[in-house]
Amino acid sequence: MKKDWFQHDNLTEAQANELIERYRANQVQTQKSLSADYTTWTVSALLPQADRPPRIDRTYQQKCWR
């Protein structure tokens, strides 16, 4: 399965550390870097990419509403 980097932007240091702990609990490779404004953090996670687009949620769709 192909993997790509997903980025979480504009995080405080506490939020970034918590997110990294959650990803590491699931054995996901992460990187933490300081944003360009030097006040917030960016966390990057190497996550798998799906081959197909997500399925449409049809929970609240009924035939009579079409």
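## Exposed face of helix H1

On the side of H1 facing away from its buried residues lie Ala14, Glu21, Arg22 and Ala25, which are exposed (over 50% relative accessible area, with buried under 20%, 1.4 Å probe, protein chains only). The model is predicted, with local features requiring pLDDT of at least 70 and side-chain atom pairs pLDDT 80 or more, while totals for chains, interfaces and linings use all residues. Residues are numbered from 1 along each chain, and side-chain values use heavy atoms, without hydrogens and water.

## Geometry and buried face

H1 comprises the 13 residues 13-25; helices (H or I, at least four residues) and strands (E, at least two) are DSSP runs numbered from the N terminus. Its first and last C-alpha atoms are 18 Å apart, close to the expected 18 Å (1.5 Å times one less than the number of residues).

Ala16, Leu19, Ile20 and Tyr23 of H1 are buried. They lie on the same side of H1 because their arc around the axis is only 100°, taken from the directions from the helix axis to the C-beta atoms. The cover over the buried residues of H1 includes strands E1 (3-11), E2 (30-34) and E3 (41-48).

## Nonpolar core

The largest nonpolar core (buried Ala, Val, Leu, Ile, Met, Phe, Trp, Tyr and Cys residues joined through side-chain atoms within 4.5 Å) consists of nine residues: Leu11, Ala16, Leu19, Ile20, Tyr23, Val28, Trp41, Val43 and Ala45. H1 and E3 are the elements giving two or more residues to this core, and H1 gives the most, with four.

Beyond four places in sequence, Tyr23 touches His8, Val28, Thr30, Ala45 and Leu47 (heavy atoms within 4.5 Å).
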